[in-house]
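Student: I would like to learn how the words used for a protein model are earned. Could we go through one together?

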Amino acid sequence: MEYVAAKSTICRQCGRSFSPSAPKPGLKLKDESSAPEESPVHRKFEGIWSRQRNRLVSCFECKRKHEVSDAASSTNCPGCSAHIDLRDYKITTSFSRTIRTRGDVHLTSKGDLSSTSVICNSAIIEGKVRGNLECEDSMTIDLVGKIPGRIGAQHLIVERKSDIQCFRRVRVTNIDIKGRMSGEIVATGSVTIHKTGTLEGNVTAKSIAIEKGGMFSGQLVIGQAGLTQGELLPEAKAAEKKAESEVPLGATQPLHAT
Ligand SMILES: [Zn+2]
Ligand SMILES: [Zn+2]
């Protein structure tokens, strides 16, 4: 268990300094550890054939990564030959088909996304979203309304004019809240409530930072409890076992920045 230290930090989003500190909201993107080695011959060929930029995409089925041209709209996994959609989707009206792409999704304010499942690289959400939405990279929400489905992202940003109610647990690595949000958050990284942000709901996170002016009310669990139980220290494990039938770990009083 760790508690946030009270040293001052500069916010990377708006430049204000705040405390307590949280780890930088720096994005650690895809895990490259399993990326196959590029052969020098392969690289040479690419130099000859095209000047297009390439990127690594991972297979939805076997997770193997391979390089594709930015211009490609689909590819097949060299490992398991599964089809991988690479298209971007801009949704401006009703849309109900399932999306599973390594491209991005932009749901405009007139869009109405009722697909049960959307998996994409990053997303901008300005319209109604009813189903589940999972972003491998970032999700930016600029919306007033209810979000009934499960949402998750590496980095979730709730923009300043947003006012959202999330009915299902929100799973993220890091989240930046600049608008109003209610719902339960589980973050393996940090939760940052910016000066214009308000969060109502329970939080489990590695760290939390609330800028001056930011508001948080709910139950707070800092540390790894409930996230990776296998990694808990023996004493924490014992404490948690004991706590099972009692009150949950963490503070229950509202927390306000001073
Ligand atoms: Zn800020
Ligand atoms: Zn594959």
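Tutor: Happily! Let us start with a definition: a residue is buried under 20% relative accessible area, exposed over 50%, and partly exposed in between. Keep in mind that this is a predicted model.

Student: Then why is Lys195 called partly exposed?

Tutor: The relative accessible area of Lys195 is 35%. Partly exposed covers the range between 20% and 50%, so Lys195, at 35%, is partly exposed. This residue is found in the loop between β21 (185-193) and β22 (198-200). The C-alpha atoms of Lys195 and Gly214 are 4.4 Å apart, although 19 residues separate the two along the chain.

Student: And what makes Ile175 count as buried?

Tutor: Its relative accessibility is 0%, and buried means under 20%, so Ile175 is buried. You will find Ile175 in strand β19 (residues 170-177).

Student: Which residues does Ile175 touch, leaving out those up to four places away in sequence?

Tutor: Ile175 touches Leu156, Val158, Met181, Ile185, Ser190, Val191 and Thr192. A contact here means heavy atoms within 4.5 Å.

Student: Where does Met181 fit in?

Tutor: Met181 belongs to the largest nonpolar core, which has 41 residues. Met139, Met181, Ile185 and Val191 are the ones with the most contacts inside that core. Beyond four places in sequence, Met181 touches Val158, Ile164, Cys166, Val170, Ile175, Thr198, Leu199 and Glu200. Apart from this core lies another, of eight residues, including Phe60, Val68, Cys77 and Ile84.

Student: Cys77 is a member of that core. How do you know that Cys77 is buried or exposed?

Tutor: Cys77 has a relative accessible area of 3%. The limit for buried is under 20%, so Cys77 is buried. Compare Cys62, at 37% relative accessibility: that value falls between 20% and 50%, so Cys62 is partly exposed.

Student: What atoms coordinate the zinc ion (ligand 2)?

Tutor: The SG atoms of Cys59, Cys62, Cys77 and Cys80, at 2.3 Å. An S atom counts as a donor within 2.8 Å of this metal, so these SG atoms, at 2.3 Å, qualify. Along the chain, the donors follow the spacing C-x2-C-x14-C-x2-C. Cys62 sits in the loop between β3 (54-58) and β4 (65-69), and Cys77 in the loop between β5 (74-76) and β6 (83-85), so this pair ties together parts 15 residues apart in sequence.

Student: Why is the site of the zinc ion (ligand 2) called tetrahedral?

Tutor: The angles among its four donor atoms run from 101 to 118°. Four donors count as tetrahedral if all angles lie between 85 and 135 degrees, so the site passes the test. For reference, the ideal angle for four tetrahedral donors is 109.5 degrees.

Student: Now the strands. What makes strand β15 (residues 132-141) largely enclosed?

Tutor: Seven of its ten residues are buried, so β15 is largely enclosed by the rest of the structure.

Student: How do you know that β15 and strand β17 (residues 151-158) pair?

Tutor: Pairing needs at least two bridges, and β15 has seven with β17, in the parallel sense. So β15 and β17 pair, and in β17 Ile151 stands opposite Leu133. β15 also pairs with strand β12 (residues 117-120) in the parallel sense, over four bridges, with Ser117 opposite Asn132. Three bridges join β15 to strand β13 (residues 123-125), again running parallel, and Ala123 stands opposite Met139.

Student: Why are β8 (94-95) and β14 (128-129) said to stand at the edges?

Tutor: They belong to an open sheet of three strands in the order β8-β11-β14, with parallel pairing. β8 and β14 each have a single partner strand, so one side of each is left without a neighbour in the sheet. Two bridges join β8 to strand β11 (residues 112-113), and Phe95 has Leu113 as its bridge partner.

Student: What is the predictor's confidence in this chain?

Tutor: The chain averages a pLDDT of 80, and 66% of the residues score at least 70. Over residues 19-36 pLDDT stays under 50, and likewise over residues 227-253. Where pLDDT is low, the predicted coordinates should not be read in detail.

Definitions and conventions
Residues numbered from 1 in each chain as written. Chains lettered and ligands numbered in written order. Predicted model: local features only at pLDDT ≥ 70, side-chain atom pairs only at ≥ 80, totals over all residues. Heavy atoms only, no water. Core = buried A, V, L, I, M, F, W, Y, C linked by side-chain atoms within 4.5 Å. Buried < 20%, exposed > 50% of the residue type's maximum accessible area, 1.4 Å probe, protein only. Donors = N, O, S within 2.8 Å, 3.2 Å for Na, K, Ca; no water. Tetrahedral: all angles 85-135°; square planar, octahedral: opposite > 155°, others 65-115°. pLDDT = per-residue confidence, 0-100.
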